[in-house]
Amino acid sequence: MLPFICRRTWRAAVHTLSTSRGTPLSRLLCNCDEVSAGLASADTIFALSSGHGRCGVAVVRVSGPASVTSLRSMAGLTGSLPPPRKALLRSITDPLTREVLDRGLVLWFPAPHSFTGEDSVEFHIHGGPAVITAVLEALGSVPGMRPAEAGEFTRRAFQAGKLGLTEVEGLGDLIHAETEAQRRLALRQMSGELGHLYQDWSNKLKRCLAYVEAFIDFSEDELIEDGVLNQVDRVVCNLQTEMEQHLKDKRKGERLRSGVQVVIAGATNAGKSSLLNSICQRPAAIVSPIAGTTRDVVETALDIGGFPVLLIDTAGLRDSLDVVEREGVRRARERVEQADLTLVVVDCSNLPIDTQQAAAFLQEHLKSVMSTQKQTFAVDNCLLVLNKTDLLPEEQRQNLDMELRQVSGLPPACLISCHSNEGLQDFLTALHGNVKTLCGDPLSGAPTLTQARHRTHLQQCAAALAQYQRYRDTDLALAAEGVRSALTSLGRITGRVGAEEILDIIFKDFCIGK
């Protein structure tokens, strides 16, 4: 065996070997993407962090090397700085005129123990517009300071390694969360659970790539232990299975993040707009006895049991000579095709009196409403709403309800009256159950995908691992390229992947040069 050599010498040896043999290890040093943007700017930035508008307390954040200067000049500190992360009540003054702008709290966060990893200061001041404007203008007069760009504090936290890219996305989702379920999902992602899963996969791929590259370069010299590629085969196979299973989440996380699209569809005058108004508890859509009143799509964002829902009313489905109505019908069918859940509204008074005939009528009606370019529809993504039950005799209504419970091939049916609100609560319970099923429980099970870009990169990663398996026995260089591509795809999710990490693994796990 060769005597131990230092990293620089080993790099030179790798370059020589790779040049002579044409192996891909030399390309590893330049081809692996380093997605992280590096060190933050030397500028010191400031911004209002608590949101605009009148409020009791506003928070102005400062981050960068001039943070200490702003603290001393605006809080009148001539001696030592206050203890880190301890609030200090001070008069906030203009550094040029020495005019008192406000009286509030100041907090000092020395690097690296701050949100951005830099020296940071927070001014907790009164939330009046005049006070906020005066303090921001005063900060702008401090040398070396400038207003922050959108998201710049979080960008610096990412560049300093304080947050991973998935954690950054979770923080953004938490800020924009409007429902309880969205808050829980965002908080779980911001805690790093999803990032840790992807980072674990990334670490395994780095090790696999290091093994394959080392085998290509050093196996002829008998410096690599037998069975190395067998270890890679097992890890790649397991990872591919895990990723494919992770991708089979029915888009629950993405739905929860962006909202479940619930489309109200059916024939004219079935009571679709009345149902929309009943759910919203306000006159969101015009209601009239004239068929074809709704000709365009009417959207309303709702919180149903903590889950975000985009409720969509559509034009009544019928053949028409009117150009505008035909366009409305086209848009309605387009929305039905895109819907996560479709509420098919039917006028009970138009059903056959015989309950068996009524069930057969509903099956045909569902096909006409749900017919799309796919030519099929899933019963699980549909809810049958039988409206205007107040127009039916009580006995007929009960018989219809019993018959529909026994018929297979029909989605769950809810008998309601938008006029009297009869059955509306049971319908809302059923709607909530469907929405919850579509979104899943954000606190249970494995972390779910929340971004379309995550899905795209994971699909590319799985395809790259398939490339490794395809070329493993015929062209190891191409197989290694598959692992490298998979690692790069994962790196685009986590925000970090570099050649240096792979070299570290080679040094750690192989006895090269000993």
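Two strands count as paired if DSSP finds at least two bridges between them, and this tour of a predicted model starts with such a pair.

Select strand S2 (residues 55-63) together with strand S5 (residues 120-127), which run antiparallel and are joined by eight bridges. Within this pair, show the side chains of Arg61 and Glu122, since the arginine stands opposite Glu122 in S5.

Next, widen the selection to the open sheet of six strands, whose order is S3-S4-S5-S2-S1-S6 and whose pairing is mixed. At its edges you will find strand S3 (88-93) and strand S6 (145-147), each of which pairs on one side only, and in going from one strand to the next the twist averages 30°.

Now add helix H4 (residues 129-140), which lies across S1, S2, S3, S4, S5 and S6 and runs at about 150° to S5. Helix H5 (residues 152-159) also packs on the sheet, where it touches S1, S2 and S6, and its direction makes about 135° with that of S1.

Finally, move to helix H8 (residues 193-218) and helix H9 (residues 228-247), which pack at an angle of about 150° with their axes 10 Å apart. Angles over 145 degrees count as roughly antiparallel, and H8 and H9 are therefore roughly antiparallel to each other. Their crossing is left-handed. To see the contact itself, display side chains including Leu197, Trp201, Lys204 and Phe215 of H8, along with Val232, Leu239, Glu242 and Met243, which are among the residues that H9 contributes. Taken together, the residues of this contact between H8 and H9 divide into 16 nonpolar, two polar and two charged.

Methods. Residues are numbered from 1 along each chain as its sequence is written. This is a predicted model: local features need pLDDT of at least 70, side-chain atom pairs count only at pLDDT 80 or more; totals for chains, interfaces and linings use all residues. Side-chain values use heavy atoms; hydrogens and water are left out. Axes are lines fitted to C-alpha atoms, for helices over the stretch in contact, and angles run from 0 to 180 degrees between N-to-C directions. Helices (H or I, at least four residues) and strands (E, at least two) are DSSP runs, numbered from the N terminus. Angles under 35 degrees count as roughly parallel, over 145 as roughly antiparallel, 65 to 115 as roughly perpendicular and the rest as oblique. A crossing is left-handed if the near helix is turned anticlockwise from the far one by less than a right angle, and right-handed if clockwise. Contact means heavy atoms within 4.5 Å. Ala, Val, Leu, Ile, Met, Phe, Trp, Tyr, Cys and Pro count as nonpolar, Asp, Glu, Lys and Arg as charged, and the others, Gly among them, as polar.
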